[in-house]
Amino acid sequence: SNDNAPEKKRQRVTTKGSDVPPPIVSFNDLQERFNLPKRLLSNLSSNNYVNPTGIQAHAVPILLEGRDLAAISPTGTGKTLSYLLPVMSSLGVPMSNSKHDGSDGVRAVILAPTRELAHQIHNECLKLAEGRKWRIVLFSKATAATLAVKSVRDKIDIIISTPLRLVASLQDGKLVLNNVRHLVLDEADRLLDSEFISQTEEVIAACTHPELQKCVFSATLPAGAEKIAMSLLMDPIRVVVGLKDT
Ligand code: ADP
Ligand code: MG
């Protein structure tokens, strides 16, 4: 058994938005519906991810259809995998494996309010990345310094960072986010709160690609943060998971 398995409380899921795709029942559904890379699927089972949680069942198909999403689901319900799985599926081939010169630059950015959370997300990401040469960067002062070399900078697939770190590299011109296709705000209640909002907005503004997909994940989204979230997202779907008492 998996000590980390999310609590098996019954979950009530409500969705709001236009053309909401149906949830998946099992991870295997993703292969038929979205042609999920086999390696991702096998990495799920080898890490004991057998059945999707409520938020995963709903959020993964929404994101794989390219929609913007606001997802609210309690702590411990598996929000991390809910966005990592579709992001890594959509990115397809890791940049370092592709034939072209890799001048496309960073394609996914995951923002988290603390260094510790960024670290946890990075670990989850590495589990899914097993067997493929993804360049996944947990952003720090040290990795920021390596960006001076263009060939290093251009081979990054995914950046996981706090807003402060990323903004520093944007401001010194070493980092360009104009080819980012996926932007995730994890623990969005904090990222959209007064402490981080201006930095978060600066990162969003730097992601200028017209096909940018944005999503926010949080355990709670107070009215103020929700209003900001909804203004950032385009035709979003909103998913709320509540735990039922049994
Ligand atoms: P949240 O961000 O909602 O607080 P996490 O993404 O941190 O939750 O996941 C909580 C724990 O549940 C982690 O240890 C993770 O590995 C585990 N987990 C996530 N999804 C599944 C799943 N489908 N099956 C089993 N364990 C899972
Ligand atoms: Mg989390």
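Trainee: What volume does the largest cavity have?
Mentor: The largest cavity has a volume of about 30 Å³. A cavity is a set of points on a 1 Å grid over the protein atoms alone where a 1.4 Å probe fits but cannot get out, and a volume is the space filled by probe spheres set on the points, joined across faces, edges and corners. This is a predicted model, where local features need pLDDT of at least 70 and side-chain atom pairs pLDDT 80 or more, while totals for chains, interfaces and linings use all residues. Residues are numbered from 1 along each chain as its sequence is written, and side-chain values use heavy atoms, without hydrogens and water.

Trainee: How many cavities of 30 Å³ or more are there?
Mentor: The count is one.

Trainee: Which residues line the largest cavity?
Mentor: Its lining is Leu63, Val87, His182, Leu183, Gln213 and Cys215, where lining residues have an atom within 4 Å of a point.

Trainee: And which strands supply at least two residues each?
Mentor: Strand E6 (182–186) and strand E7 (213–218) do; strands are DSSP runs of E, at least two residues, numbered from the N terminus.

Trainee: Changing topic, how many disulfides?
Mentor: Zero, a disulfide being a pair of cysteine sulfur atoms within 2.5 Å.

Trainee: Why is there no bond for Cys207?
Mentor: Because the closest cysteine sulfur, in Cys215, is 12 Å from the sulfur of Cys207, too far for a bond.

Trainee: Is Cys207 buried or exposed? What about Cys215?
Mentor: Cys207 is buried (under 20% relative accessible area, 1.4 Å probe, protein chains only), at 6%. Cys215 is buried too, at 4%.

Key
Chains are lettered from A and ligands numbered from 1 in the order in which they are written. On a 1 Å grid over the protein atoms alone, a cavity is a set of points where a 1.4 Å probe fits but cannot get out, and a pocket is an open set with protein on both sides within 12 Å along at least five of seven lines; lining residues have an atom within 4 Å of a point. Helices (H or I, at least four residues) and strands (E, at least two) are DSSP runs, numbered from the N terminus. Buried means under 20% relative accessible area, exposed over 50%, partly exposed in between (1.4 Å probe, protein chains only).
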